[in-house]
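Hi,

Here is the structure I promised to pass on. Have a look at it first, and my notes follow underneath.

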Amino acid sequence: MKNEFLIRMDVPEDCVRVSDSAGIYYRLFHEPVTGLLKNEIDCMQFHVPEEKTIEYHEHTFGSETFFVSQGRFFCYCMGRGFTMGPGDVFHIQPWMGHSFTPIEPESRLNIMFMGIDQQAAITKPWQHIVKNFPGVYEEPAFNEAFHTAYGYNTKRRTVPTAPEEPAELVTQLRRSGMGLREHNFDGIKMQLKVALYETGGVKEVWEYFMKPGFFCDWDNFLPEYRVFYVTEGKVRCKVKTSATETLDFIAEKENIVFIPPYNPFRFEVVEEARMYDMDCSARLQDLCEEIEALRSRNSPKVADRESTYAVFKAYGFNCTDVGYDK
């Protein structure tokens with residue numbers, strides 16, 4: 001029986017849509033879920049280097065976060081050239097020109113869209129036109145009109161020719177093992193990959209490096225979608241499906257854990273793990289700063305559990321238990 005909370009990214013049966021044509025193995029993991037958080041996540045795997053590319057373009061609204069899980073890409077962002085490899089994250093906001101050229105066989109790019117309904121507004125209409133009306137899509141006038149429909153606009157650009165530049169000059173690139181900010185607590189290292197100011201205040205994206213024994217519990221009913229992407233190790237997940245039943249499963253490398261609203265859940269690290277929190281609606285960066293400042297001052301606000309959780313809630317972090325069983 002299919003586990004509705006687990007997407008094994010390499011298992012076609014777990015995907016919403018799968019295709020392998022024109023040199024690209026494509027998988028759609030889930031479609032947009034709300035008008036506010038259109039977190040459509042897919043994967044493009046390019047079989048032959050440089051044969052297929054994502055051309056240089058920009059968007060008038062919405063953002064994209066790119067995760068390289070295999071291979072390497074040469075990319076441009078706002079005219080600067082750079083390479084991306086496994087573990088690198090790249091975040092695009094509106095009006096930022098960007099492109100990707102695979103430079104190793106089977107290079108794999110996972111894409112998280114926010115505010116861009118890729119499937120409904122672009123892919124499905126494009127497939128309909130190409131299949132049923134040969135030649136229409138290639139007409140310049142139609143192509144321009146198509147790309148301005150549905151409130152979505154892809155501005156295609158002339159490809160830059162800038163050579164590769166130092167990664168620190170590309171502000172939207174977050175190298176593997178590095179974040180905008182880093183915080184360390186018992187059993188977990190946290191790196192901020194995408195900040196609230198880059199998503200219009202909607203969410204943050206974090207990467208967690210977790211030790212066996214670390215756990216976090218949301219034993220409550222929240223109107224939030226949560227999406228976690230495990231890239232290394234093993235995490236045990238327990239989701240309450242009713243008042244008397246709990247679904248217990250292991251998420252491991254290249255697995256997505258997708259928790260819809262009003263589903264109490266818990267995760268426990270059973271093997272040292274790396275995991276992205278792709279849908280953090282809490283002001284977690286602000287919270288980490290607050291906790292660290294309070295601890296440095298020996299504040300009574302973090303001297304006991306009740307006070308600590310009150311601080312958590314003040315920043316929208318609504319877990320019911322968190323800790324590290326060494």
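Let me start with a loop residue: Glu50 counts as exposed, with a relative accessibility of 56%. You will find Glu50 in the loop that joins β4 (40–46) to β5 (54–59). Its backbone caught my eye, since Glu50 is not a glycine and yet has a positive phi of about 65°. For context, most residues other than glycine have a negative phi. Before I go on, please keep in mind that this is a predicted model.

Trp95 is another residue other than glycine with a positive phi, in this case near 70°. The loop between β9 (89–92) and β10 (98–102) holds Trp95. With a relative accessible area of 48%, Trp95 is partly exposed; the cut-off for exposed is over 50%.

Now the pockets. The largest pocket has a volume of about 1100 Å³. It is lined by 31 residues, and Met44, Gln118, Ile122, Thr123 and Trp126 are the closest to its centre. Helix α1 (residues 118–132) makes the largest contribution to this lining, with 6 residues. By class, the lining of the largest pocket splits into 13 nonpolar, 12 polar and 6 charged residues.

The second largest pocket holds about 670 Å³ of space. Its lining has 33 residues, with Phe185, Phe214, Phe312, Phe317 and Val322 nearest the centre. In that lining, 21 residues are nonpolar, 5 polar and 7 charged. Several elements supply at least two residues each, among them β15 (188–194), β17 (214–218), α4 (305–314) and β22 (321–324). The most comes from α3, which gives 5 residues.

Since α4 turns up in that lining, here is a bit more about this helix. Which residues of α4 are buried? They are Thr308, Tyr309, Val311 and Phe312. These residues lie on the same side of α4, because they cover an arc of only 150° around the axis. Glu306 and Ala314 are exposed on the other side of α4. The buried residues of α4 pack against α3 and β22. Phe312 thus appears twice in my notes: as a buried residue of α4 and among the residues nearest the centre of the second largest pocket.

Both ends of α4 are worth a look too. At its start, the backbone nitrogen of Glu306 has a side-chain oxygen of Asp304 within 3.1 Å. After the helix comes Gly316, with a positive phi near 80°.

Finally, the enclosed spaces. The count is 3 cavities of 30 Å³ or more. The largest cavity contains about 80 Å³ of space, and its lining includes Trp218, Arg226, Pro260, Pro261 and Phe265. That lining has 7 nonpolar, 2 polar and 2 charged residues.

The second largest cavity contains about 50 Å³ of space. Phe228, Val235, Cys237, Val257, Phe265, Arg266, Phe267 and Met275 form its lining. Two or more of these residues come from each of β18 and β21, and β21 gives the most, with 4. The lining of the second largest cavity has 7 nonpolar residues, no polar ones and 1 charged. Phe265 is worth clicking on, as it is listed in the lining of the largest cavity and also in that of the second largest.

Over to you!

Technical notes
Residues numbered from 1 in each chain as written. Heavy atoms only, no water. 1 Å grid on protein atoms, 1.4 Å probe; cavity = no way out; pocket = protein on both sides within 12 Å on 5 of 7 lines; lining within 4 Å. Points joined across faces, edges and corners; volume = space filled by probe spheres on them. Nonpolar A, V, L, I, M, F, W, Y, C, P; charged D, E, K, R; others polar. Buried < 20%, exposed > 50% of the residue type's maximum accessible area, 1.4 Å probe, protein only. Arc of directions from axis to C-beta. Contact = heavy atoms within 4.5 Å. Polar contact = N/O pair within 3.5 Å; in protein donor to acceptor, adjacent residues only side chain to side chain.
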